[in-house]
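Thank you all for making time this morning. I would like to walk you slowly through one structure, and I ask you to keep it in view while I talk.

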Amino acid sequence: MSHAHAPSQSDHTPSSASKKARVGVRVVGRPDSLEQRIYLPEVIRGLGVTAKHFFANLFSRKYTVTVEYPEQKLRYADRHRGLHRLMHREDGQVRCVACMLCPTACPAHCITIVAEDTGNKNEKRPRSFEIDELRCIVCGLCVEACPCDALRMDSGVHAPAVDFRGDAIQAKIDLLKRGSQSVATQGGIGADWRTQQPTVKQYDPPK
Amino acid sequence: MLDSILLFLAQHTAIAAFVKVILLVVGFVMPLASLSTWAERRQSAMMQDRLGPNRANIGPFKLWGILHFVADAVKMVFKEDLVPSKVNRSLFALAPVMAIAPVLIVFAVIPFGPDLCVGQLFATVNDPSACLATVPLQVARMDVGLLFYFALASLSVYGATLAGWASYNKWSLLGGLRASSQMMSYEVCMGLSLMGAFLVYGSLEPHAIVVAQGSNPLNWGMVTQPLAFVLFFTAAVAETKRAPFDLPEGEPELIGYFVEYSGMRFGIFFLAEFIETIFLSAVVTTVFLGGWQVPGLDSSGFGSFHLPHLAVVLIQVVAWSLKILFLCWLQLLIRWTLPRFRPDQLMRLGWKQLLPLSLLNIVVTAAWVLWRSGGN
């Protein structure tokens with residue numbers, strides 16, 4: 001049996017066997033002992049293992065690692081991508097300049113921006129800014145694309161469960177509600193994070 | 001008051017049987033079957049280091065998630081009852097009934113307590129056979145006893161087979177086919193493995209078997225018929241069509257004979273499976289674990305410590321329930337521990353291993369019984 005993988009003499013001549021490398025099949029007997037072949041002792045041993053876990057978890061939750069979510073929450077990593085938010089300037093206005101880089105970057109086409117004139121010849125601003133959270137694939141490319149630190153996903157909030165598809169669309173007002181003042185410099189205008197702390201109330205992500 | 005009610009029941013056995021059916025089915029079997037749907041998920045979770053369903057609540061009452069079975073029942077009832085267009089409608093409707101009716105009826109032969117001695121409830125009863133009138137805590141006391149069980153158990157094959165055939169679905173047909181071959185194969189072994197116990201205790205009637213086992217655990221079926229205990233338990237687990245013998249269901253490849261059933265019709269198959277596990281526990285308890293017998297407890301009390309008759313009966317009924325609960329727990333443990341057999345392994349186990357062993361058990365037991373009785 002130990003040489004079963006070698007070509008057998010009766011089927012092939014030694015010359016043909018040495019010419020051609022063949023894939024052999026080695027028949028290996030099951031190494032089961034009598035105790036294993038009777039199966040019942042192994043069944044009882046298996047039941048012992050599961051019963052041990054059952055009783056340990058029943059009385060002291062010894063092995064369970066479950067986090068009971070609504071009551072217990074783990075702290076998310078800083079780079080966790082939650083629900084989107086729109087950042088504020090120091091006067092509470094939206095930082096977004098409707099440059100359309102985020103809807104362009106979005107692979108799911110879930111961002112819709114309608115721009116409007118601010119009266120300032122340098123800038124536009126979004127009249128409406130909508131993100132369909134059901135279409136969003138949470139890739140974070142919109143945040144990467146934003147040149148103004150206007151759009152972030154660091155809210156730590158999960159997309160809410162909704163009864164109607166339309167309710168999953170986050171409008172500008174919802175996105176701004178979660179926003180806070182960014183202290184990044186925008187176009188050389190506005191507050192500098194080096195010199196000025198945020199002046200409006202900061203958004204406090206849930207723990 | 002209590003005595004007069006019992007006397008009335010002792011004289012009117014049909015009414016007494018009705019009362020006992022209500023007590024047994026509504027008071028024990030159905031609640032336990034519903035609870036085991038929750039217990040199965042919770043226990044499997046505990047065994048796999050999870051927590052399992054513990055959320056369902058009515059207001060602030062969570063009760064460790066026990067209310068999940070209420071939620072399940074509500075869901076089942078309100079789900080759409082979908083009937084595929086090409087099914088055989090009458091058989092399709094009949095199949096769930098054929099699955100659940102036999103497993104409910106067979107409870108009639110299970111004794112869940114000793115005979116109640118009318119008129120001596122609060123007295124010490126030394127000899128229960130000397131009672132003037134008795135109310136047996138068993139729905140039907142038939143001489144055929146456990147043969148009645150085998151007759152009805154073979155009827156419950158039709159539930160699975162008809163469901164598989166009437167659904168007009170090739171997967172459910174395969175499931176039904178597997179169910180019928182498996183149940184028929186293992187019924188042989190079930191019957192033959194109990195034969196040894198019949199020889200030892202000299203009766204087919206469950207109550208007589210329990211009385212013959214007595215209150216000494218060394219005389220219980222598990223000790224006198226250890227091989228039959230293992231064989232019967234294995235074959236009966238196979239009969240319930242649950243893992244490791246759940247080939248008729250076979251989630252990864254077949255879904256099972258009930259694949260076309262939805263809503264409460266599916267729920268009935270589900271419930272029948274759980275009632276079957278409870279019934280299997282009841283049979284094992286009756287034949288191998290001394291039924292309602294408590295170690296050391298005679299009809300007069302523990303040895304010289306006398307107890308009133310009613311207290312003795314209550315202790316014995318509770319002991320019977322606890323034995324069944326333990327066996328249900330054990331079946332869930334087995335169901336969530338062992339992997340499923342392959343069809344050829346299943347047939348080999350049934351016909352080439354369990355069957356010869358149960359025949360051997362009968363021969364050895366018969367020889368032993370003959371030798372003990374002095375060869376007469």
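Let me begin with two helices of chain B, α2, which covers residues 13-47, and α3, which covers residues 68-78: their axes come within 9 Å and cross at roughly 105°. A crossing of that kind makes α2(B) roughly perpendicular to α3(B), since angles of 65 to 115 degrees are counted that way. On the α2(B) side the contact is made by B:Ser34, B:Leu35, B:Thr37 and B:Trp38, while α3(B) brings B:His68, B:Phe69 and B:Asp72 to it. Sorted by class, the residues of this contact divide into three nonpolar, three polar and one charged. I should say at this early point that what we are looking at is a predicted model, and I would ask you to keep that in mind throughout.

Between these two helices of chain B there is a loop, and B:Asp49 lies in it. This residue has a positive phi of about 60°, although it is not a glycine. Is B:Asp49 buried, exposed or partly exposed? It has 16 C-beta neighbours inside 10 Å, and it therefore counts as partly exposed.

Let me move along chain B to helix α6, residues 157-166, where the picture is of another kind. How many of the residues of this helix are buried? The count is 10 of the 10, so α6(B) is largely enclosed by the rest of the structure. Among these buried residues you will find B:Val157, B:Tyr158, B:Leu162 and B:Trp165, together with glycines such as B:Gly159 and B:Gly164. As for what surrounds them, the buried residues of α6(B) pack against four helices of chain B, namely α4 (89-105), α5 (146-155), α7 (170-201) and α11 (263-288). Just after α6(B), the backbone at B:Tyr168 takes a positive phi of about 55°.

Further along chain B, in the loop between α10 (226-239) and α11, we come to B:Pro244. The peptide bond that leads into it from B:Ala243 is cis, with an omega near 5°.

Chain B also has an open sheet of three strands, which run in the order β3-β4-β5 with antiparallel pairing. Which strands stand at the edges? They are β3 (297-298) and β5 (305-306) of chain B, each of which has a single partner strand, so that one side of each is left without a neighbour in the sheet. Strand β4 of chain B, residues 301-302, pairs with β5(B) in the antiparallel sense over two bridges, and within β5(B) the residue that stands opposite B:Gly301 is B:His306.

Let me now turn to chain A, which is divided into domain 1, residues 28-66, and domain 2, residues 85-177. The C-alpha centres of these two domains of chain A lie 54 Å apart. In the loop between α4 (101-105) and β2 (111-117) of chain A sits A:His109, whose phi is near 50°, a positive value in a residue other than glycine. With 10 C-beta neighbours inside 10 Å, A:His109 counts as exposed.

Finally, how do the two chains meet? In this model 13 residues of chain A are in contact with 12 residues of chain B. On the side of chain A that touches chain B, there are seven nonpolar and six polar residues, and no charged ones.

Note on methods:
Residues numbered from 1 in each chain as written. Chains lettered and ligands numbered in written order. Predicted model: local features only at pLDDT ≥ 70, side-chain atom pairs only at ≥ 80, totals over all residues. Contact = placed C-beta atoms within 7 Å. Nonpolar A, V, L, I, M, F, W, Y, C, P; charged D, E, K, R; others polar. Pairing = 2+ DSSP bridges. Domains from an automatic or database assignment. Buried ≥ 20, exposed ≤ 12 C-beta atoms within 10 Å, placed from the backbone. Axes fitted to C-alpha atoms, helices over the stretch in contact; angles between N-to-C directions. Parallel < 35°, antiparallel > 145°, perpendicular 65-115°, else oblique.
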